[in-house]
Amino acid sequence: MTKVIIFSDDVHMLSCSRDKSILCWDLKSQKRISNQTLRMGGINSIALNPLDPNKYLSVGQDRNITFWDIRKSQAEGTINSSPNPGESEELFAVDIQSSGKLFATGGQMGVVRIYDLASGQFMTDCRAHSNAVMSIRFSPDGKQIVSTGMDGLVAIWNVFV
């Protein structure tokens with residue numbers, strides 16, 4: 001497993017792994033209740049939409065950002081991991097702002113990218129890491145992003161949107 005997320009109801013959990021699967025678990029009955037699978041590439045990270053816990057994002061080896069609805073077996077859509085034509089990277093981290101307006105990604109190129117969640121539109125990128133970004137998280141108020149990388153750097157970014 002590469003990431004686990006417990007839902008706010010403390011009953012359900014999502015897990016993802018490099019075997020290309022995302023599993024939803026009922027913790028009380030100790031059973032798997034859904035399984036979603038990517039066709040290509042392992043999954044490195046997932047992020048739940050705070051406004052609709054049925055929806056989430058995944059990133060990984062397929063070099064895409066994938067939009068999911070837990071009630072559907074297939075992905076709702078994908079966008080390339082890089083907004084630059086001809087460029088792509090394996091992503092290791094994704095997080096969604098608490099307001100549900102933005103999401104951020106980080107990957108092997110060491111760049112933090114910010115997108116509009118509703119449209120999937122790329123907004124901006126932030127460059128400070130000299131190696132892969134391994135973890136990314138919005139602050140609870142959504143006004144900052146913290147990223148950590150293989151370079152040992154912890155970067156704090158202000159969000160002015």
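This briefing describes the fold, the strand pairing and the aromatic pairs of one protein chain. The model is a predicted one. The chain has 15 strands and 0 helices. Its radius of gyration is 15 Å, which agrees with the value near 15 Å that a compact globule of 161 residues would have.

**Overall dimensions and burial**

- Taken along the principal axes, the C-alpha atoms of the protein chain fill a box of roughly 45 × 35 × 30 Å.
- Buried residues make up 48% of the 161 residues of the protein chain.
- The accessible surface of the protein chain is about 8,300 Å², and carbon and sulfur atoms account for 50% of that surface.
- Among contacts in the protein chain with a separation of 6 or more, 35% come from residues 24 or more positions apart.

**The sheet of β1 to β4**

- An open sheet is formed by 4 strands in the order β1-β2-β3-β4, with antiparallel pairing.
- Its edge strands are β1 (3-6) and β4 (31-37), and each of these pairs on one side only.
- From one strand to the next, the twist averages 20°.
- Strand β2 covers residues 12-16 and runs antiparallel to β1, to which 4 bridges join it.
- Val4 has Ser15 in β2 as its bridge partner.

**Strands β13, β14 and β15**

- Strand β13 (residues 133-138) pairs with β14 in the antiparallel sense, over 5 bridges.
- Across this pairing, Val133 stands opposite Gly149 in β14.
- The hairpin of β13 and β14 has 5 residues between the strands, and Gly142 in this hairpin takes a positive phi near 75°.
- β14 also pairs with strand β15 (residues 154-158), again in the antiparallel sense and over 5 bridges.
- Here Gln144 stands opposite Asn158 in β15.
- The hairpin of β14 and β15 has 4 residues between the strands, and Gly152 in this hairpin takes a positive phi near 85°.

**The two faces of β14**

- In a regular strand the side chains alternate between the two faces of the sheet.
- Strand β14 (residues 144-149) shows this alternation: Ile145, Ser147 and Gly149 point to one face and are buried.
- Gln144, Val146 and Thr148 point to the other face of β14 and are not buried.
- Gly149, the residue opposite Val133, therefore belongs to the buried set in β14, whereas Gln144, opposite Asn158, belongs to the set that is not buried.**Aromatic pairs**

- The structure holds 4 aromatic pairs.
- Tyr56 and Trp68 form a stacked pair, with 6.1 Å centre to centre and 10° between the planes.
- This pair links distant parts of the chain, 12 residues apart: Tyr56 lies in strand β6 (residues 52-60) and Trp68 in strand β7 (residues 64-69).
- Both Tyr56 and Trp68 are buried.
- Phe103 and Tyr115 are stacked because their ring centres are 4.9 Å apart and their planes stand at 10°.
- This second pair also links distant parts of the chain, with Phe103 in strand β10 (residues 102-107) and Tyr115 in strand β11 (residues 111-116), 12 residues apart.
- Phe103 counts as buried because its relative accessibility is 0%, and Tyr115 counts as buried at 2% relative accessibility.
- Phe103 and Tyr115 belong to a cluster, linked by ring pairs, that also includes Phe67 and Phe122.

Technical notes: Residues numbered from 1 in each chain as written. Predicted model: local features only at pLDDT ≥ 70, side-chain atom pairs only at ≥ 80, totals over all residues. Heavy atoms only, no water. Pairing = 2+ DSSP bridges. Axes fitted to C-alpha atoms, helices over the stretch in contact; angles between N-to-C directions. Buried < 20%, exposed > 50% of the residue type's maximum accessible area, 1.4 Å probe, protein only. Rg over C-alpha atoms; globule rule 2.2 N^0.38 Å. Contact = heavy atoms within 4.5 Å. Areas by Shrake-Rupley, 256 points an atom, 1.4 Å probe, with all protein chains shown as cover. Phe/Tyr/Trp six-rings, centres within 6.5 Å; stacked < 30°, edge-to-face > 60°.
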